[in-house]
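Subject: Structure handover

Hello,

Here is the structure for your files. Please open it alongside this note. My findings follow below.

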Amino acid sequence: MFLINCPYCGERDQQEFKAGGEAHIERPKQPTELSDDEWAEYLFMRKNIKGVQFERWNHTHGCRKWFNMVRDTSNDEIKAIYKMGEKPPSQ
Amino acid sequence: MRNKYSVFSLIKNALSYHENWQRAWKDPKPKKEYDAVIVGGGGHGLATAYYLAKKHQMNNIAVVEKGWIGGGNTGRNTTIIRSNYLWDASAGLYDHALKIWEGLSQELNYNVMFSQRGVMNLAHNLQDVRDLKRRTHANRLNGIDAVYLSTEEVKKFCPIINTSPDIRYPVLGGTLQRRAGTARHDAVAWGYARGADEMGVDIIQNCEVKGIKRNGDSVEGIETTKGFIKTKKIGVVAAGHSSVIANMAGLRLPLESKPLQALVSEPVKPIIDTVVMSNAVHAYVSQSDKGELVIGAGTDDYVSYTQKGSHQIVEGTLNAILELYPIFSRMRMLRQWGGIVDICPDASPILSKTSIKGLYFNCGWGTGGFKATPGSGDLFAHTIANDEPHKLNAAFNLNRFVSGDLVDEHGAAAVAH
């Protein structure tokens, strides 16, 4: 349980948000040419880092917009929040 | 040779004020090299070592544990054991474990306090009714005892449940597996540790894995806080930290680690003599032998390794508990805690070889691994010893995420995630 500073609405309770998993996983440009192994990598395999991780979140009970977050999963400390399409901050 | 626990040893030790009991396992320093090393000294890891030594004659092996044995999810779960899963592959896996549970105390000469008090799963809406009836039929086709109960039969089996039709999520029926029940979690870890230690397995506590040394496509050993240990076979049974170990070897797994919470009340006289689970309203409860109500809550839906979890998750579970059991309204809660569970996209575990020779993973048990402890250890030991899965865990390989042959058990997992 923690507070999240939505880039559109400001600081709100984490309950209003939904975690969308690892960020910056790019959808395959040519899906028809992907091998089964590449599909498995894209769909299922995750870094699941203990430490600083890049994630997508959605303000489901607010503005319903997606944004990115850099969070330390070992203590739930949020390091940075940035909008979709913006360049991720360097660590 | 280890002394056998019996009524005679109890009397003998009582005469010396219980001051001369033999140690249950040694505290060895790591050797330079082992035939296999198990990473993780929880129930599954210790069971794996036990069966490697017992059934596959691999006695020059070690279990390395970063904390103390049984101090992770083995000591944090709600101890429910059942095998009423939907698909054939899962039914085979979980019922294999349940059959071992039935003789485990005798096998280990250690009372794991296995109690077949039955597990009841409740239905609260029409879809639940259809799903649970389907699951009951599937269970019976697989030789697993399961019956479907009407609302009246639910009330008769567990009278303290509120079956009034005017509650928010009325009880429309339920299923019952009578062979299911609970066991004492610490005793499972200690019993397997004692058994494995007796057969020569080194159980090395306070020894954290810091790296995995590879030579091309095979493993050479592990770097630990107690130095380098050479080995050709590494079995990783690290639950919520499986991805952390996988990342050391340059592998990615289809897992996300999330906090799962549980809580216990103050101890009271016997009031509930079974285990009742409700998937839809997310509440499950049983009573420990000490008299505490043991209540399982849900997972937070974001990746976290904090071992705590959010307050609203507990609040939601207790709301549901109070609606189903108004009699508990004045109970005080004693403790609340969290454990980190590794969740697979199909809510089924992975017991598998990997693309790296000599590296094996037993993970992805998510919210329900305790029940499988003996079966998981047995099958994982088989996989490590033969470098091939047993037929009961063949479906639970890593390759299913490539082939698409998933074992979707979200419905039977009983914890929404």
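First, a term: on a 1 Å grid over the protein atoms alone, a cavity is a set of points where a 1.4 Å probe fits but cannot get out, a pocket is an open set with protein on both sides within 12 Å along at least five of seven lines, and lining residues have an atom within 4 Å of a point. Grid points are joined across faces, edges and corners, and a volume is the space filled by probe spheres set on the points.

The model is predicted: local features need pLDDT of at least 70, side-chain atom pairs count only at pLDDT 80 or more, and totals for chains, interfaces and linings use all residues. Residues are numbered from 1 along each chain as its sequence is written, chains are lettered from A and ligands numbered from 1 in the order in which they are written, and side-chain values use heavy atoms, with hydrogens and water left out.

Cavities

There are two cavities of 30 Å³ or more. The largest holds about 90 Å³. Its lining has 14 residues, with B:Ala347, B:Trp365, B:Thr367, B:Gly368 and B:Ala413 closest to the centre. By class, that lining has seven nonpolar, six polar and one charged. (Ala, Val, Leu, Ile, Met, Phe, Trp, Tyr, Cys and Pro count as nonpolar; Asp, Glu, Lys and Arg as charged; the others, Gly among them, as polar.)

The second largest cavity has about 30 Å³. Residues lining that cavity include B:Asn84, B:Arg135 and B:Thr175. Helix 4 (residues 126–141) of chain B gives the most to the lining, with four residues. Helices (H or I, at least four residues) and strands (E, at least two) are DSSP runs, numbered from the N terminus.

The second largest pocket

This pocket holds about 540 Å³. Its lining counts 27 residues; A:Gly20, A:Gly21, A:Arg46, B:Glu256 and B:Lys258 lie nearest the centre. Strand 3 of chain A gives the most, with five residues. The lining splits into 13 nonpolar, six polar and eight charged residues.

Chain A

Chain A has one helix and six strands. Their order along the sequence is β-β-β-α-β-β-β. The C-alpha trace spans about 45 × 30 × 25 Å along its principal axes. Of its 91 residues, 36% count as buried. Buried means under 20% relative accessible area, exposed over 50%, partly exposed in between (1.4 Å probe, protein chains only).

Salt bridges

A salt bridge is a side-chain nitrogen of Lys or Arg within 4 Å of a carboxyl oxygen of Asp or Glu. The structure holds 27 over all chains.

B:Asp95 and B:Arg179 form one, at 3.2 Å, N to O. B:Asp95 lies in helix 3 (residues 88–108) of chain B and B:Arg179 in the loop between strand 7 (173–177) and strand 8 (181–182), so the pair ties together parts 84 residues apart in sequence. B:Asp95 is buried, at 4% relative accessible area. Both residues belong to a salt-bridge network with B:Lys99, B:Glu102 and B:Asp145.

B:Glu292 pairs with B:Lys290, with the closest N and O atoms 3.9 Å apart. B:Glu292 is buried at 7%, whereas B:Lys290 is exposed at 57%.

B:Lys353 and B:Asp387 also meet in a salt bridge, at 4.0 Å, N to O. B:Lys353 sits in strand 19 (residues 350–353) of chain B, and B:Asp387 in the loop between helix 9 (373–386) and helix 10 (400–403), 34 residues apart.

Best wishes
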